[in-house]
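Here is a walk through one protein model, taken a piece at a time. Keep the viewer open as you read.

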Amino acid sequence: MGERYSTVSVTFQVLPGGALGGEIRVPGDKSISHRSIMLGAIAEGVTEVEGFLEGEDALATMNAFRAMGVRIDGPEEGRVRVFGVGKHGLKAPVDALYCGNSGTSMRLLCGLLAGQGFEVRLTGDESLSQRPMNRVALPLREMGARIDTATAGRPPVAIHACPELVGRRYEMPVASAQVKSALLLAGLYARGRTEVIEPAPTRDHSERMLRAFGYVVRHSGNSIAIEGGGKLAATRIDVPADISSAAFFLVGASIAPGSDLTLRHVGVNPTRTGVIDILRLMGADLVLHNERMVGGEPVADLRVRHAPLHGIDIPQALVPLAIDEFPALFIAAACAEGVTRLTGAHELRVKESDRIQVMADGLNTLGIQARPTEDGIEILGGPLRGGRINSHGDHRPAMSFAMAGLRAQAPIEIDDCANVATSFPGFADLAQDAGLRLRSIDA
Ligand code: S3P
């Protein structure tokens, strides 16, 4: 616990002004990368992955399966080969599985490992060690799993051997793809039917990928169900570029006069495109080209040009569909004319940081009126000063404040940016290539 991948401290220095232009491809989708390793590992045969995200979060998942005896070759330029061991071929790891900063690794592993015949412990870094795990532990216990957490449902998590789980119907109190996915993964090992009811649609990559591995998933209305006992057959996976990483550039190009940027091969799964809808409601000029299906996931090239933005009341139905993009959207709101209001987003308080507070504090530093509420924020657009921001080790606020430099009147310094490597390795170089006046300083 409390470990970090790197002890290097990274500061971003951003000079004011500039515009974003050209054509870029951001790294692979984080959610899909995690799942490609997990399902590939318990499938029969060799799964070939391309476009894999070589970020620390997805690598934590990869290391976890290596520690459970799975041979995984790569990543090499985004290519990975997972030599599946079948559903019952995982071996007890010698040590605890370290999930780093990655909530997705820990929560999905809870589900996948709940029905194994061995005991395993899951640990994480300082941030992950504060995050709620009862949201998966409680429903998994209802399926018969033996899972212990530390105080208040926090990590580390201990999962005890459990030869058989029992399928259950579970109505999720929060709209969470991680909880849904954990239960479906446990359901692969359960007797009978596992059914999850969503209060609102959440990302459906697990369902799509299970089907790509030949597993039947039934989806009707807000219910997603699988029968236990089946097998997974290895497949090929082409991971699209991550729309959550594209989001920083969509916002940057929208706010910076003179911008005209194309983002190639971006995943535009309708359960992820809330950021596009919200930006368009604010007046953004965003066009999808070359829409196509790649391995069961919709993909497109996104062209974004500068446009004047205006404040909106963000429709609550879009919240789960843009949950990771709010830090970037708050920068758009700060550059928009008028007030933007977000409600129904309490989940932002339990991400890698309390993103409502961290973003409000940073925006206030830049001279913007941002008022946090229990489940959202109100932001009044206005001129951005420069200043020194603390990202609190959270990758998404760090990259969002970097984009704010495009509209700031003076330099912005952002501290504690090392965790950008969890989801977006190479961010600083790519952002510079696109036109951001960013310097990344390692100490
Ligand atoms: C994820 C689901 C989301 C998201 C996270 C990745 C996933 O979390 O915030 O970054 O891969 O399933 P919740 O499901 O907890 O909202």
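## The sheet and its helix

One open sheet in this predicted model has 4 strands in the order 4-5-3-16, and the pairing is mixed. Who stands at the edges? Strand 4 (71-76) and strand 16 (236-238) do, each with a single partner strand, so one side of each is left without a neighbour in the sheet. Going from one strand to the next, the twist averages 15 degrees.

Have a look at the strand 16 end. Strand 3 (residues 44-50) pairs with strand 16 in the parallel sense, over 3 bridges. For a residue-level handle, take Glu50: its bridge partner in strand 16 is Asp238.

Now add helix 1 (residues 30-42). Helix 1 lies across strand 3, strand 4, strand 5 (79-85) and strand 16. Relative to strand 5, helix 1 runs at about 35 degrees.

## Aromatic rings

Next, the rings. The count comes to 6 aromatic pairs. One of them is Phe248 with Phe427, an edge-to-face pair at 6.4 Å centre to centre, with 70 degrees between the planes. That angle is over the 60 degrees needed to call a pair edge-to-face. This pair links distant parts of the chain: Phe248 sits in helix 7 (residues 243-255) and Phe427 in helix 13 (residues 427-434), 179 residues apart.

Are these two rings' residues buried or exposed? Phe248 is buried, with a relative accessible area of 2%, and Phe427 is buried too, at 1%. Both also belong to one aromatic cluster, made up of Phe12, Phe248, Phe249, Phe424 and Phe427.

Elsewhere, charged side chains lie over ring faces. Here are two such cases:

| Charged residue | Ring | Distance from the ring centre |
|---|---|---|
| Arg71 | Phe83 | 3.9 Å |
| Lys87 | Tyr189 | 5.3 Å |

## Cysteines

How many disulfides does the structure hold? The number is 0. Take Cys99: the closest cysteine sulfur to its own is in Cys110, 7.9 Å away, which is too far for a bond. A disulfide would need the two sulfur atoms within 2.5 Å. Looking from the other end, Cys110 has Cys99 as its closest cysteine sulfur, again at 7.9 Å. Neither residue is out in the open: Cys99 is buried, with a relative accessible area of 1%, and Cys110 counts as buried at 1% relative accessibility.

## A glycine in a loop

Gly144 is worth a stop. You'll find Gly144 in the loop between helix 4 (134-142) and strand 8 (147-150). With a relative accessible area of 36%, Gly144 is partly exposed. Which residues does Gly144 touch, leaving aside its neighbours within four places in sequence? Cys162 and Leu165 are in contact with Gly144. If you want a distance to try in the viewer, Gly144 and Glu171 are 17 Å apart in space, C-alpha to C-alpha, and 27 residues apart in sequence.

## An enclosed helix

Last stop: helix 11 (residues 395-404). Why call it largely enclosed by the rest of the structure? Because 10 of the 10 residues of helix 11 are buried. Among them are His395 and Arg396 at the start of the list, along with Pro397, Ser400 and Phe401. The buried residues of helix 11 also include Met399 and Met403, as well as Ala398, Ala402 and Ala404.

Methods: Residues are numbered from 1 along each chain as its sequence is written. This is a predicted model: local features need pLDDT of at least 70, side-chain atom pairs count only at pLDDT 80 or more; totals for chains, interfaces and linings use all residues. Side-chain values use heavy atoms; hydrogens and water are left out. Rings of Phe, Tyr and Trp (its six-membered ring) pair if their centres lie within 6.5 Å; planes under 30 degrees apart count as stacked, over 60 as edge-to-face and the rest as tilted. Helices (H or I, at least four residues) and strands (E, at least two) are DSSP runs, numbered from the N terminus. Buried means under 20% relative accessible area, exposed over 50%, partly exposed in between (1.4 Å probe, protein chains only). A charge sits over a ring if NZ of Lys or CZ of Arg is within 6 Å of the ring centre and within 35 degrees of the ring normal. Two strands pair if DSSP finds at least two bridges between them. Axes are lines fitted to C-alpha atoms, for helices over the stretch in contact, and angles run from 0 to 180 degrees between N-to-C directions. Contact means heavy atoms within 4.5 Å.
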